[in-house]
2 protein chains.
Amino acid sequence: MDEHEQPRHRVVVIGAGFGGLFATKALKNAPVDVTLINGTAYHLFQPLLYQVATGILSEGEIAPPIREVLKRQKNAKTLLGTATHIDPVAKRVDVVAPGVAYSVEYDSLIVAAGASQSYFGKNEFAEFAPGMKSIDDALELRGRIFGAFELAEIETDPAAIDRLLTFVVVGAGPTGVEMAGQIAELAHRHLPGQYHNIDPRQARIILVDALPTVLSTFGDHLSTEALRQLHKLGVEVELSTKVVDVDESGIEVETDNGRRRIESSTKIWAAGVAAPALSVQLAQATGAETDRAGRLKVNPDTTVPGHPEIYAVGDMMALDQLPGVAQVAIQSGRHAAGQIKKRLAGQPTGQPFKYFDKGSLATISRFSAVASVGRFHFAGLLGWLLWLVVHLLYLVGFKNRVTAVLHWFVSFIGRGRSERVATFQQVFARRALQEYQEKLP
Amino acid sequence: MDEHEQPRHRVVVIGAGFGGLFATKALKNAPVDVTLINGTAYHLFQPLLYQVATGILSEGEIAPPIREVLKRQKNAKTLLGTATHIDPVAKRVDVVAPGVAYSVEYDSLIVAAGASQSYFGKNEFAEFAPGMKSIDDALELRGRIFGAFELAEIETDPAAIDRLLTFVVVGAGPTGVEMAGQIAELAHRHLPGQYHNIDPRQARIILVDALPTVLSTFGDHLSTEALRQLHKLGVEVELSTKVVDVDESGIEVETDNGRRRIESSTKIWAAGVAAPALSVQLAQATGAETDRAGRLKVNPDTTVPGHPEIYAVGDMMALDQLPGVAQVAIQSGRHAAGQIKKRLAGQPTGQPFKYFDKGSLATISRFSAVASVGRFHFAGLLGWLLWLVVHLLYLVGFKNRVTAVLHWFVSFIGRGRSERVATFQQVFARRALQEYQEKLP
């Protein structure tokens, strides 16, 4: 074989979330062939899912097709499918897609399959309180939130109307805070005047968390500021409150004062994540350990112990108690890609991954956010402008089209809730989908 | 009872499509209380469904919430639900919504429940060749169209790849022509360069019709021009060709030369409409006749024979062989509203509905359309600009927000196909939805 025809080093990346996609992009000029495997054809900008669930952005605006993002990267190809099994001896990944099953061989493997919602062992809650992890989740919640107001309008029983107009968000991290804020804005500012039989301002939005503060990872100052803004928006915040049961018509909570039931048609689960089944399978196959959430305990350089050719990044990796945020995924994905490049260049590898904390951001409502950057804290409009700039810059890096950026900008600035469609398919599909996912190997 | 407290004349409008919505709007300043009943919370701009199915517009952009459209009309209220039964003696409409059933009484009734897809008695085709009547249809087709390219990329059997890259559109009216044109544009102009294993340009787009011309109602000149533009885009047009069978992997057609099978994964049904079950029920209850498509044979003033208080408009009415287009629905809806206003003002009623034909428009691809206005014909860029102006003006009339118009404008002008998300729910829901609809009374 001519040396020019030597097969190139094959890198397989599982997952096109922040970790997998940025790892792939970081390999752009490397002498490798990258195969990126993802269960959907799009990258998901997860931190904005709440905007889809509340009618501000369309699903396409937060889910650019992976092929479009990677159009100019000639050494990367994208394949649709869910990786179900990794064989670290044969260096092979088994994948299933609708109607097709196939395998891909690798020389280096980056596992970035993300995390799924955790109901802390109570998976039966999922049907009544959808999570906030996928486009399907967001569209389901969009249908439920706007549908609750529609059904309240035609309902005559006062107790049923109250139940329909009570929204409970479980989990006061960024996602939960943002959801609660947006539903409050919807009910108190946007929808009034559009109904005849009900007043949307009567809606109760309740944010529940087992911890004693909201946004507990943001520090005391921003935590207090976020709580103040939530109160101003009319959100009822119930802290040190544990959810013990969820059913179709309500939720049961427990505090130091005992148990209590909240009647509520629409519940949203924004608490807790778990590593996917693939993490457990890979741990078994390699003898690696996992933490309580099922994440792989990796070496400081993000490799799986005993397998210098397998990297686990982002939400799948348990390392230094790093938080499950986009920046950790992006930076660890890039670190893994850098290690592969070094190895191929014959340079020493094994450098530990060092996370650079760029800060935290959470919007409470339009024109109002909290942000911490290093020692600096921002709240209100200034925080929101920072949030806007960060998100628009991120988008510009992704979509090359002026029109797409314009779309986004218009959606962020505008007062509109133009995306309010509920499909009939949602009503029937959720349970069937769950059954399918449980059947996946 | 004080005369100021006299109950106002109650108008019930069934359906918030073009007919029902414009009838409601025309009653804005009339001394009536209008109740508008619709199965979804949004008005659907049906002529642009094909843009949702091919990733150009988001569903929210063609489906404004009815309440938002009617926000400033104090005498109209909107109720979610499907009208299942009309009692012309008790003057009552029975309605079902998720989990609730209710009735509404009327003094005047405008029935504008539209039309559904007709498979000419072969409803089993629906599963394999979705229609183009609802948001659910469009999203289902969006998932199938973009999904076909994704599955072709991971498929290894050449016959399966060919089948996945063959798209058959049944029906060469405006909807079918626009769908075929957009899929061709997608395959030949937009997607090339994004795949590694397949070349999207290999895709075949086949437009089938039993008639000998495309856009047969547009006249010979535009018909020929549209055919020329379709050929230029690479669409294979098979005329005088009847569809005799549809299954999961293909379609069987019949011409004068006999039967033939076309292997195709993605089939789209854009041929034939039928009146809804409500039309048949109302005919039975009033003794009115229906035409072959199940539409009500109405009096020249759009009232149902023997019931001067019941109007049937738009796609539900059989009158003067008027076509099932938006303008007929809008104008007949306004005519019915005008008749009610006259009756309440003590003026003579019974004036026949006269349709004013404003012309026909169909886009073949971006920057290219055919249009006929009176004796004038436009094709190519001029036709497309006319199409753009008409649609933007229509939208301005609907949405009051500058941001919404900006969004639309950007989408029409841009090259983007930013709305490409397929949900998992679609895979499981279609059959369940059909079963539900068949169970509706």
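In what order do the four strands of the open sheet in chain A stand, and is their pairing parallel or antiparallel? Colleagues, the model before you is a predicted one, and I shall begin with that sheet.

The order is β11-β10-β9-β15, and the strands pair in parallel. At the edges stand β11, residues 235-238, and β15, residues 266-269; each has a single partner strand, so one side of each lacks a neighbour in the sheet. From one strand to the next, the twist averages 20 degrees.

Let me turn to one pairing within the sheet. Strand β9, residues 166-170 of chain A, is joined to β15(A) by four bridges in the parallel sense. Within this pairing, A:Val169 has A:Ile268 as its bridge partner.

Two helices of chain A deserve mention here. Helix α4, residues 135-154, packs on the sheet and touches β9 and β15; its direction makes about 155 degrees with that of β15(A). Helix α6, residues 174-190, also packs on the sheet, where it touches β9, β10, β11 and β15. The direction of α6 makes about 170 degrees with that of β10(A).

I close with a residue in a loop, A:Asp209, located between β10 (204-208) and α7 (220-232) of chain A. Where is the nearest side chain of opposite charge to A:Asp209? That side chain belongs to A:Lys242 and is 11 Å away; A:Asp209 is buried and has no salt bridge. Its side chain does, however, reach the backbone nitrogen of A:Ala172 at 2.5 Å. Beyond four places in sequence, the residues that A:Asp209 touches include A:Gly171, A:Gly173, A:Glu238 and A:Thr241.

Note on methods: Residues numbered from 1 in each chain as written. Chains lettered and ligands numbered in written order. Predicted model: local features only at pLDDT ≥ 70, side-chain atom pairs only at ≥ 80, totals over all residues. Heavy atoms only, no water. Buried < 20%, exposed > 50% of the residue type's maximum accessible area, 1.4 Å probe, protein only. Lys, Arg positive; Asp, Glu negative; His and termini not counted. Salt bridge = Lys/Arg side-chain N within 4 Å of Asp/Glu carboxyl O. Polar contact = N/O pair within 3.5 Å; in protein donor to acceptor, adjacent residues only side chain to side chain. Contact = heavy atoms within 4.5 Å. Pairing = 2+ DSSP bridges. Axes fitted to C-alpha atoms, helices over the stretch in contact; angles between N-to-C directions.
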